[in-house]
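Subject: Structure handover and findings

Hi,

Here is the structure I promised to pass on. Please load it before you read the notes below.

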Amino acid sequence: MTRIVPTSVPGQVDPAPRTIYRSTQGEVVRDCHPRDIPQLLAAGGPLWMDIDSTVQSQHALLEQVFGLHPLAIEDTLNPASRVKLEEYPGFLYIVIRAVELAAETDDPYDLATKDLHCFLGPSFLVTVHAGVMAPVDTVWEIMRRSPDLLDRGVERALHAVLDTAIDGYFPILEQIDDFLDGLEERVFARFDQEALRDLFQVKRLVLSLRRYLGPSREVLNVLTNRPSALWPRRCRSTSVTSMTTCCASTTHWTPTAIS
């Protein structure tokens, strides 16, 4: 896969990153100029910035404003970066893979994936992705309407983002059930000779889904069980529920069961 290259269009102003901040006095600041971020971080209070890694000026903030580790920053430009959890001095770095059925192809069994990079500090959350990321958009809209939710801490915002990303797997599981029900009817009721080809495509889909689910489950298990000041117990106790359920839902789809 091609490395993401942040760019700027000559003669045009880059779009600013989305930002939401709530001060310790309850003041809300939305979509401020990036030059104001250091002052907000120094003042305290939870801050969430969402960065599009394809925009050069936005991606540069990871180093210029937040001072994140160069290796982690470099990882955000790798579309094949592995799902992982790493702890650096002052922040956690989490990579989760969002998955959906590909809408751009004619293959109904094709999956589309996109990496979500999350940096969690004591009072800041930075999410990084290339282009549109539906789970982030969903939680962002909730926070935009109800910024007081940030009072619970940036770790709860991250928890909501991860939970929403994992919830995106469930429609795929339901679609697989529909695929299998349809194949069963085609094989046993109509003796459709083309069903065998589709059966192998569903098998490929299930194996691909498992390949994406496994590493994400391990990351969330570590978040649940490894002590960290940046990820409090109230988050650790519930963070893997959706992923565990999701993984359990695929256990009856063994390769031999659908071949």
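The notes below cover the cores, the charges and a few single residues.

First, the ground rules. This is a predicted model, in which local features need pLDDT of at least 70 and side-chain atom pairs count only at pLDDT 80 or more, while totals for chains, interfaces and linings use all residues. Residues are numbered from 1 along each chain as its sequence is written, and side-chain values use heavy atoms, with hydrogens and water left out.

**Cores**

I looked for nonpolar cores, meaning sets of buried Ala, Val, Leu, Ile, Met, Phe, Trp, Tyr and Cys residues joined through side-chain atoms within 4.5 Å. Buried is under 20% relative accessible area, exposed is over 50%, and partly exposed is in between (1.4 Å probe, protein chains only). Helices (H or I, at least four residues) and strands (E, at least two) are DSSP runs, numbered from the N terminus.

The largest nonpolar core has 46 residues. Trp-48, Ile-94, Leu-158, Ile-176, Val-202, Leu-209 and Leu-223 have the most contacts inside it. At least two residues of this core come from each of β5 (91–101), β6 (111–120), α4 (134–145), α5 (154–167), α6 (169–188) and α7 (195–225). Helix α7 gives the most, with 10 residues. There is also a second, separate core of 21 residues. Ile-37, Phe-66, Ile-73 and Tyr-88 are among its members. As background, nonpolar side chains tend to be buried together in soluble globular proteins.

**Salt bridges**

A salt bridge here is a side-chain nitrogen of Lys or Arg within 4 Å of a carboxyl oxygen of Asp or Glu. Searching the whole structure gives 10 of them. Three pairs and one network follow.

- Asp-50 pairs with Arg-18, with the closest N and O atoms 2.7 Å apart. This pair links distant parts of the chain: Asp-50 is in strand β3 (residues 47–52) and Arg-18 in strand β1 (residues 18–22), 32 residues apart. Asp-50 counts as buried, at 5% relative accessibility. Arg-18 is partly exposed, with a relative accessible area of 25%.
- Arg-97 pairs with Asp-115, and here the closest N and O atoms are 2.8 Å apart. Arg-97 lies in strand β5 and Asp-115 in strand β6, so the salt bridge ties together parts that are 18 residues apart in sequence. Both Arg-97 and Asp-115 are buried.
- Arg-145 and Glu-141 meet through their side chains at 3.6 Å, N to O. They are 4 residues apart in helix α4, so about one helical turn separates them. Arg-145 counts as exposed, at 54% relative accessibility. Glu-141 is partly exposed, with a relative accessible area of 30%.
- Asp-75, Arg-82, Lys-84 and Glu-86 are joined into one network by salt bridges that share partners.

**A negative patch**

Which residues gather in a patch of negative charge on the surface? They are Glu-174, Asp-177, Asp-178, Asp-181 and Glu-184. Patch residues have over 30% relative accessible area and no salt bridge; like charges are joined within 9 Å, and nonpolar side chains (Val, Leu, Ile, Met, Phe, Trp, Tyr) within 5 Å. Of the patch residues, Glu-184 lies in helix α6. Glu-184 is partly exposed, at 48% relative accessible area.

**Single residues**

Asp-31 is worth a look for its backbone. Its phi is near 50°, a positive value in a residue other than glycine. Asp-31 sits in the loop between β2 (28–30) and α1 (37–43). Its relative accessible area is 48%, which makes Asp-31 partly exposed.

Three pairs can be checked by C-alpha distance.

- Val-161 lies in helix α5 and is buried, with a relative accessible area of 0%. Val-161 and Ala-134 are 27 residues apart in sequence and 9.8 Å apart in space, C-alpha to C-alpha.
- Ala-60 is in helix α2 (residues 56–64) and counts as partly exposed, at 24% relative accessibility. From Ala-60 to Pro-6 is 54 residues in sequence and 8.9 Å in space, C-alpha to C-alpha.
- Leu-62 is also in helix α2 and is buried, with a relative accessible area of 0%. Leu-62 and Val-128 are 66 residues apart in sequence and 9.3 Å apart in space, C-alpha to C-alpha.

Best wishes

Terms used. Accessible areas come from the Shrake-Rupley method with a 1.4 Å probe; for residues, only the protein chains shown count as cover. Lys and Arg count as positive and Asp and Glu as negative; His and the chain ends are not counted. The place of a charge is taken as NZ of Lys, CZ of Arg, CG of Asp or CD of Glu.
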